[in-house]
Amino acid sequence: QVQLVESGGGLVQAGGSLRLSCTASGSIFSINAMGWYRQAPGKQRELVAAIISGGSTNYADSVKGRFTISRDSAKNTVYLQMNSLKPEDTAVYYCNVVLVDGRFRPYDYWGQGTQVTVSS
């Protein structure tokens, strides 16, 4: 089993910053990717940012230039630095980790979600 523990959400004014953290523990065999998704009320969950095992990153167009994803492999932790926050960034943010086994079969894990609220 794999557990993901998120932290760092909260309430911030527009233009402010927050940093989310997510640490994976348990039967970590090989991390293929770590990322953050978000879901606003009435909307589908969407990818915010992801970082692949080789270090390449991918961002949603709406957060490019404002958010930065990074990873501490030794700690199995992924971070999301969010700057210049906007009210439309308000959502529940979910950590996602994809592990692969020796046959490259993927296993998907999700955190419990952390609320980010940006006031105008």
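Two aromatic rings of Phe, Tyr or Trp count as a pair if their centres lie within 6.5 Å, and planes over 60 degrees apart make the pair edge-to-face. Keep that in mind for the exercises below, which work through a predicted model.

**Exercise 1. Work out how many helices and strands the protein chain has, and how compact the chain is.**

Start with the count: there are zero helices and eleven strands. Reading along the sequence, you meet the pattern β-β-β-β-β-β-β-β-β-β-β. Next, compare the radius of gyration, 14 Å, with the 14 Å that the globule rule gives for 120 residues; the two are close, so the protein chain is as compact as a globular protein of that length. For the outline, the C-alpha atoms fill a box of roughly 50 × 25 × 25 Å along the principal axes.

**Exercise 2. Describe the inside and the surface of the protein chain: what share of the residues is buried, and what supplies the exposed area?**

First the inside: of the 120 residues, 42% are buried. Then the surface: about 6,300 Å² is exposed, with carbon and sulfur atoms supplying 48% of that area. Now look at the contacts with a separation of 6 or more: 54% of them come from residues 24 or more positions apart. Last, the charges: the chain has 11 positive and 8 negative ones, and their mean positions are 2 Å apart.

**Exercise 3. Find out how many aromatic pairs the structure holds, and classify them.**

The structure holds two aromatic pairs. Take F29 and Y107 to begin with: their ring centres are 5.8 Å apart and their planes stand at 90 degrees, so this pair is edge-to-face. Where do these two residues sit? F29 is in the loop between β3 (18-26) and β4 (31-39), while Y107 is in strand β10 (residues 106-110), so the pair ties together parts 78 residues apart in sequence. Check their cover too: F29 has 42% relative accessibility and counts as partly exposed, and Y107, with 30%, is also partly exposed.

Now for Y37 and W110. Their rings are 5.0 Å apart centre to centre, with 65 degrees between the planes, which makes this an edge-to-face pair. Y37 belongs to strand β4 and W110 to strand β10, so to speak two distant parts of the chain, 73 residues apart, are linked here. As for cover, Y37 is partly exposed at 24% relative accessibility, and W110 is partly exposed at 35%.

**Exercise 4. Decide whether T114 and V63 are buried or exposed, and list their contacts.**

The cut-off you need is this: buried means under 20% relative accessible area. T114, in strand β11 (residues 114-119), has 11% relative accessibility, so T114 counts as buried. Leaving out neighbours within four places in sequence, T114 is in contact with E6, G9, L20, A91, V92 and Y93.

V63 is in a loop, the one between β6 (57-59) and β7 (67-72). Its relative accessibility is 0%, so V63 is buried as well. With neighbours within four places set aside, V63 is in contact with R38 and V48. V48 is 15 residues away along the chain, and the C-alpha atoms of V63 and V48 are separated by 7.1 Å.

**Exercise 5. Say what the sign of phi is at N76 and S84, and where these residues lie.**

A bit of background first: most residues other than glycine have a negative phi. At N76, though, phi is near 50 degrees, a positive value. N76 lies in the loop between β7 and β8 (77-82). At S84, phi is likewise positive, near 50 degrees. S84 is in the loop between β8 and β9 (91-100), and with a relative accessible area of 40% S84 is partly exposed.

**Exercise 6. Place T23 in the chain: which residues does T23 touch, and how far is T23 from S119?**

T23 is part of strand β3. Its relative accessible area of 32% makes T23 partly exposed. Not counting residues up to four places away in sequence, T23 touches Q3, L4, V5, K75, N76 and T77. N76, you may recall, is a residue with positive phi. Finally, T23 and S119 are 96 residues apart in sequence, and their C-alpha atoms are 27 Å apart in space.

Key. Residues are numbered from 1 along each chain as its sequence is written. This is a predicted model: local features need pLDDT of at least 70, side-chain atom pairs count only at pLDDT 80 or more; totals for chains, interfaces and linings use all residues. Side-chain values use heavy atoms; hydrogens and water are left out. Helices (H or I, at least four residues) and strands (E, at least two) are DSSP runs, numbered from the N terminus. The radius of gyration is taken over C-alpha atoms; the globule rule is 2.2 Å times the number of residues to the power 0.38. Buried means under 20% relative accessible area, exposed over 50%, partly exposed in between (1.4 Å probe, protein chains only). Contact means heavy atoms within 4.5 Å. Accessible areas come from the Shrake-Rupley method with a 1.4 Å probe; for residues, only the protein chains shown count as cover. Lys and Arg count as positive and Asp and Glu as negative; His and the chain ends are not counted. The place of a charge is taken as NZ of Lys, CZ of Arg, CG of Asp or CD of Glu. Rings of Phe, Tyr and Trp (its six-membered ring) pair if their centres lie within 6.5 Å; planes under 30 degrees apart count as stacked, over 60 as edge-to-face and the rest as tilted.
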